[in-house]
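Hi there,

I'm passing a structure on to you, along with some notes on how its helices pack. Have a look at it first, then read on whenever you have a moment.

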Amino acid sequence: MAELTIDLTYGTALFDAACEAGKKEQILEEANQVLAIFEQEPDLSAFINYPAISAQEKKAVINNIFEGRICDELLNFIYILIDKRRTMHFEKMIKVYKKLADKENGVSYGTVYSVEPLSVEHIAELEQEASKLFASNVKLANELDPKLMGGVKLLIDGRMIDMSIRKKFSDLKNSIRFDQGGTK
């Protein structure tokens, strides 16, 4: 739970600073590049996260690598993370930052579940319809669920829209029971 608070606190602080500086998109792009470098260079990531190495040494290495390549706001943010020994949370902080940026830009992410992979065109149609329904710009990822039998389910912002054949059968079954005067 404490990690979630750390990620949220620092991610939000970075987002607020980026908005204040007018560099919201720039900082997100540069943070993603930093994350990519940490992923490509696991020794660098291990060095930055190793507790026995002094903050001064870590800052010197980060400065040599990133000064002039990323904006001062992001570089100073990384320095703060080094000082506070929070560098291992950097990736999750950037995820919080991205969610805040998406929310501000009216973007929602969701999942469309289907029995077979959906075409790009079909996903685009579902995104368009969901965007109208949710009054935001919905982006969907396709995941397979063989239990559906057919049709799709959408999960967007914690809300489920079930357009599966299984759901239609269930609704039909309940309708027949109700029509016959039965109870559920």
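Below is what I found about one helix pair and the nonpolar cores.

Please keep in mind that this is a predicted model.

Let me start with helix 2 (residues 24-40) and helix 5 (residues 72-83). Their axes come within 10 Å and cross at roughly 50°, which means that helix 2 is oblique to helix 5. The crossing of helix 2 past helix 5 is right-handed. On the helix 2 side, the contact is made by Ile27, Glu30, Ala31 and Val34, and helix 5 brings Glu73, Leu74 and Ile78. By type, the residues of this contact are five nonpolar and two charged, with no polar ones.

Now to the interior. The largest nonpolar core has 29 residues, and those touching the most other members are Val34, Phe38, Ile62, Leu74, Phe77, Ile78 and Phe90. At least two residues of this core come from each of helix 1 (2-21), helix 2, helix 3 (42-49), helix 4 (55-66), helix 5 and helix 6 (90-104). Helix 5 is the biggest contributor to this core, giving seven residues.

Val34 is a good residue to click on, as it belongs both to the helix 2 contact with helix 5 and to this core. Leaving aside residues up to four places away in sequence, Val34 touches Phe66, Ile70, Leu74, Ile78 and Phe90.

Apart from the largest core there is another one, made of 11 residues, including Leu118, Leu126, Leu154 and Ile156.

Enjoy looking around!

Best wishes

How values were computed: Residues numbered from 1 in each chain as written. Predicted model: local features only at pLDDT ≥ 70, side-chain atom pairs only at ≥ 80, totals over all residues. Heavy atoms only, no water. Axes fitted to C-alpha atoms, helices over the stretch in contact; angles between N-to-C directions. Helix = DSSP H or I, 4+ residues; strand = E, 2+ residues; numbered from the N terminus. Parallel < 35°, antiparallel > 145°, perpendicular 65-115°, else oblique. Left-handed = near helix turned anticlockwise from the far one by under 90°. Contact = heavy atoms within 4.5 Å. Nonpolar A, V, L, I, M, F, W, Y, C, P; charged D, E, K, R; others polar. Core = buried A, V, L, I, M, F, W, Y, C linked by side-chain atoms within 4.5 Å. Buried < 20%, exposed > 50% of the residue type's maximum accessible area, 1.4 Å probe, protein only.
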